[in-house]
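Visitor: I would like to go through a protein model and ask why its parts are given the labels they have. Please show it to me.

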Amino acid sequence: MRVPVDGDDEVSQLAMTFNTMARNLETIDQSRSSFMGNIAHELRTPMTSIKGFIDGMLDGTIPEDMSQHYLTLVSKEVGRLTRLIQNMLDISKLESGEYRVNAQSYDIWDSVTSVAFSAQERIDNHHIEVQGLEPKRTSVYADPDLVYQVVYNILDNAIKFTPDGGWIRFGVQKSGGFVTVSIRNSGQGIPKDVLPFVFERFYKADRSRGLNARGSGLGLHI
Ligand SMILES: Nc1ncnc2c1ncn2[C@@H]1O[C@H](COP(=O)(O)OP(=O)(O)O)[C@@H](O)[C@H]1O
Ligand SMILES: [Mg+2]
């Protein structure tokens, strides 16, 4: 809805303000409905394969000796759904201001090493060489849970995009009252032109990879 603006008196000013507000609300509405569409799509894709595999096992299309294989796939897809839903819950908590930041003084290497430890199996499976994991006491004032989550999401991407036999390099640098954590990986990297978009919800540089990739597309947004 828009109101006509004619002239430059106070009423016209008001009309213009109203129109701007209406435009802003429309944009919010559009981004909300495209967010809902994305969520529905991200939920439906794993649901469809889970249903297909289970139905195939029930009606015998999938031979019994293959059921172990298909149950593993079902378990992976359920894991993906769980991560997606957890990510969505985290985002709504952060955005509504409901999350209470619990900052404290601690050693940032505690976060980095425990994330690396939790990913050890995947790192080994892909024969990835880990570099720079040499903890050197570095005190920060931050929320350990939030830092863990961010480091986890970035390492998760690094593992996903490192070719087998590649490397991942950790770094922690102190400068001017700030501490920078870096996680680099061998591989194609992120093209410069897509860099501005990677923090958007559900953004994936390579859409075709979306189907089977383990990410929810919300990692960097968080
Ligand atoms: N280490 C990386 N190497 C190459 N591309 C990356 C890397 N990290 C992130 N990206 C790109 O940024 C996108 C968004 O990352 P993210 O929000 O974590 O979503 P997801 O991991 O679910 O794909 C990825 O889909 C990918 O295109
Ligand atoms: Mg990710």
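Guide: The questions below take up the ligand, the aromatic rings, the burial labels, the backbone angles and some distances. This is a predicted model.

Visitor: Which residues come nearest to ligand 1?

Guide: There are 16 residues around ligand 1, and Asn-157, Lys-160, Ala-205, Gly-217 and Leu-220 come nearest. By class, this shell holds seven nonpolar, seven polar and two charged residues. Helix 5, residues 144–161, gives the most to the shell, with three residues.

Visitor: What makes the approach of Asn-157 to ligand 1 a polar contact?

Guide: A polar side-chain atom of Asn-157 is 2.9 Å from an oxygen atom of ligand 1. The cut-off for a pair of N or O atoms is within 3.5 Å, so the approach counts as a polar contact. Gly-217 places a backbone N or O atom 2.4 Å from an oxygen atom of ligand 1. For Leu-220, a backbone N or O atom is 2.9 Å from an oxygen atom of the ligand. Both of these values also meet the cut-off of 3.5 Å.

Visitor: How much of ligand 1 does the protein bury?

Guide: Taken alone, ligand 1 exposes 540 Å², and the protein buries 93% of that.

Visitor: How many aromatic pairs are counted?

Guide: The count comes to three aromatic pairs. One of them joins Phe-53 and Tyr-70, with 5.1 Å from centre to centre and 55° between the planes.

Visitor: Why is the pair of Phe-53 and Tyr-70 called tilted?

Guide: A pair of rings is described by the distance of the centres and the angle of the planes. The centres must lie within 6.5 Å, and 5.1 Å satisfies this. Stacked planes are under 30 degrees apart and edge-to-face planes over 60; 55° is neither, so the pair is tilted.

Visitor: Where along the chain are the two rings of that pair?

Guide: Phe-53 is in helix 1, residues 10–59, and Tyr-70 is in helix 2, residues 67–95. The two are 17 residues apart, and the pair links distant parts of the chain.

Visitor: Why do Phe-53 and Tyr-70 get separate burial labels?

Guide: Phe-53 has a relative accessible area of 19%. Buried means under 20%, so Phe-53 is buried. Tyr-70 has 21%, which falls between 20% and 50%, so Tyr-70 is partly exposed.

Visitor: What makes Phe-197 and Tyr-203 a tilted pair?

Guide: Their ring centres are 6.1 Å apart, and their planes are at 35°. The distance is within 6.5 Å, and the angle is neither under 30 degrees nor over 60, so the pair is tilted. Phe-197, at 38% relative accessibility, is partly exposed. Tyr-203, at 22%, is partly exposed too.

Visitor: What is noted about phi in His-127?

Guide: His-127 has a positive phi of about 50° although it is not a glycine. Most residues other than glycine have a negative phi. The place of His-127 is the loop between helix 4 (120–125) and strand 2 (129–131).

Visitor: Is His-127 buried or exposed?

Guide: Its relative accessibility is 60%. Exposed means over 50%, so His-127 counts as exposed.

Visitor: What about Phe-202, buried or exposed?

Guide: Phe-202 has 2% relative accessibility, which is under 20%, so Phe-202 counts as buried. Phi of Phe-202 is near 65°, a positive value in a residue other than glycine. Phe-202 is in the segment after strand 5 (178–185).

Visitor: How do you know that Asp-9 makes a polar contact with Ser-12?

Guide: The two side chains make that contact at 2.5 Å, and the cut-off is within 3.5 Å. Asp-9 is in the segment before helix 1. With a relative accessible area of 43%, Asp-9 is partly exposed.

Visitor: Which residues does the annotation "domain: HAMP" cover?

Guide: According to the unreviewed UniProt entry, the annotation covers residues 2–30. In the model, this span is 72% helix and 0% strand, and its end C-alpha atoms are 17 Å apart.

Visitor: How far apart in space are Phe-117 and Asp-156?

Guide: They are 12 Å apart, C-alpha to C-alpha, and 39 residues apart in sequence. Phe-117 is in helix 3, residues 108–118. At 67% relative accessibility, over the cut-off of 50%, Phe-117 counts as exposed.

Terms used:
Residues are numbered from 1 along each chain as its sequence is written. Chains are lettered from A and ligands numbered from 1 in the order in which they are written. This is a predicted model: local features need pLDDT of at least 70, side-chain atom pairs count only at pLDDT 80 or more; totals for chains, interfaces and linings use all residues. Side-chain values use heavy atoms; hydrogens and water are left out. A residue is near a molecule or strand if one of its heavy atoms lies within 4 Å of it. A polar contact is a pair of N or O atoms within 3.5 Å; within protein, one must be able to donate a hydrogen and the other to accept it, and residues adjacent in sequence count only if both atoms are side-chain atoms. Accessible areas come from the Shrake-Rupley method with a 1.4 Å probe; for residues, only the protein chains shown count as cover. Helices (H or I, at least four residues) and strands (E, at least two) are DSSP runs, numbered from the N terminus. Ala, Val, Leu, Ile, Met, Phe, Trp, Tyr, Cys and Pro count as nonpolar, Asp, Glu, Lys and Arg as charged, and the others, Gly among them, as polar. Rings of Phe, Tyr and Trp (its six-membered ring) pair if their centres lie within 6.5 Å; planes under 30 degrees apart count as stacked, over 60 as edge-to-face and the rest as tilted. Buried means under 20% relative accessible area, exposed over 50%, partly exposed in between (1.4 Å probe, protein chains only). UniProt positions are given in the numbering used here, feature names are shortened, and annotations may be inferred rather than shown by experiment.
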